[in-house]
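Okay, thanks everyone, I'll keep this short. Have a look at the model on the screen while I talk you through it.

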Amino acid sequence: MRCSNFQTINLRWQQFSKNLPHWLNENVQKCLDAGLPLLHVDVFDGVFLDSPNALTFGPQMVDSIRKRFIDEKLTLDIHLCVDRPQRYAKPMAEAGATRI
């Protein structure tokens, strides 16, 4: 996950292993506090990138981020690194993705 606006804050997935909701809230807030209006999320399914470590999250997490930061001007840019991305485009859009 990265937040962008001429600068990037790289947020590594390994950092959130124990408490995902807290990690997401804290790090998305860091992006917003830094004035970075775009959150870029790479979504992997473990098939497109053949690795058991390449499984990330789906529309439920996008929905959670959107609801938590609903009053913020936050662009959710979702990069689908998945097999058959057409399966995921509509659910991601319905969950609150700004760009897919």
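Before anything else, a word I'll lean on when I get to packing: when I say two residues are in contact, I mean that they have heavy atoms within 4.5 Å. And please keep in mind that this is a predicted model.

So, how far does the confidence go? The chain averages a pLDDT of 79, and 80% of the residues score at least 70. The low point is strand β1, residues 2-4, with a mean of 52, while α3 has the highest confidence, at 93. Where pLDDT is low, the predicted coordinates should not be read in detail.

Now the overall layout. You're looking at 3 helices and 4 strands, and starting from the N terminus the order is β-β-α-β-α-β-α. There are 100 residues in the chain, and 37% of them count as buried. The chain exposes about 6,300 Å², with carbon and sulfur atoms supplying 51% of that. If you take contacts between residues at least 6 apart in sequence, 61% join residues at least 24 apart.

Let's go inside. The largest nonpolar core has 21 residues, and the ones touching the most other members are L39, V62, I65, L74 and I78. Which elements feed this core with at least two residues each? That would be α1 (20-33), β3 (38-44), α2 (59-68), β4 and α3. The largest share is from α1, which puts in 5 residues. Take I65 as an example: leaving out residues up to four places away in sequence, I65 touches L24, V28, L39, L74 and L76.

That brings me to helix α2, which I'd like you to rotate and look at down its axis. Its buried residues are P59, M61, V62, I65 and R66. Seen that way, they fall within an arc of 160°, so they line one face of the helix. The background here is that an α-helix has 3.6 residues a turn, so residues three or four places apart point the same way. And what do the buried residues of α2 pack against? They pack against α1, β3, β4 and α3. On the face turned away from the buried side, α2 carries Q60 and K67, both exposed.

Also in α2 is S64, which counts as partly exposed because its relative accessibility is 39%, and the cut-offs for that class are 20% and 50%. S64 is 32 residues away from G96 in sequence, but C-alpha to C-alpha the two are 9.0 Å apart in space.

Next, something polar. H40 is in strand β3, and its relative accessible area of 10% makes H40 buried. What does the H40 side chain pair with? One partner is the side chain of D42, in a polar contact of 2.9 Å. Another is the side chain of D77, where the polar contact is 2.6 Å.

Last stop, a backbone oddity. R84 is not a glycine, yet R84 has a positive phi of about 55°. You'll find R84 in the loop between β4 (75-81) and α3 (86-95). Is R84 buried, exposed or partly exposed? With a relative accessible area of 44%, R84 is partly exposed.

That's my tour, thanks for listening.

Terms used
Residues numbered from 1 in each chain as written. Heavy atoms only, no water. Buried < 20%, exposed > 50% of the residue type's maximum accessible area, 1.4 Å probe, protein only. pLDDT = per-residue confidence, 0-100. Core = buried A, V, L, I, M, F, W, Y, C linked by side-chain atoms within 4.5 Å. Polar contact = N/O pair within 3.5 Å; in protein donor to acceptor, adjacent residues only side chain to side chain. Areas by Shrake-Rupley, 256 points an atom, 1.4 Å probe, with all protein chains shown as cover. Arc of directions from axis to C-beta.
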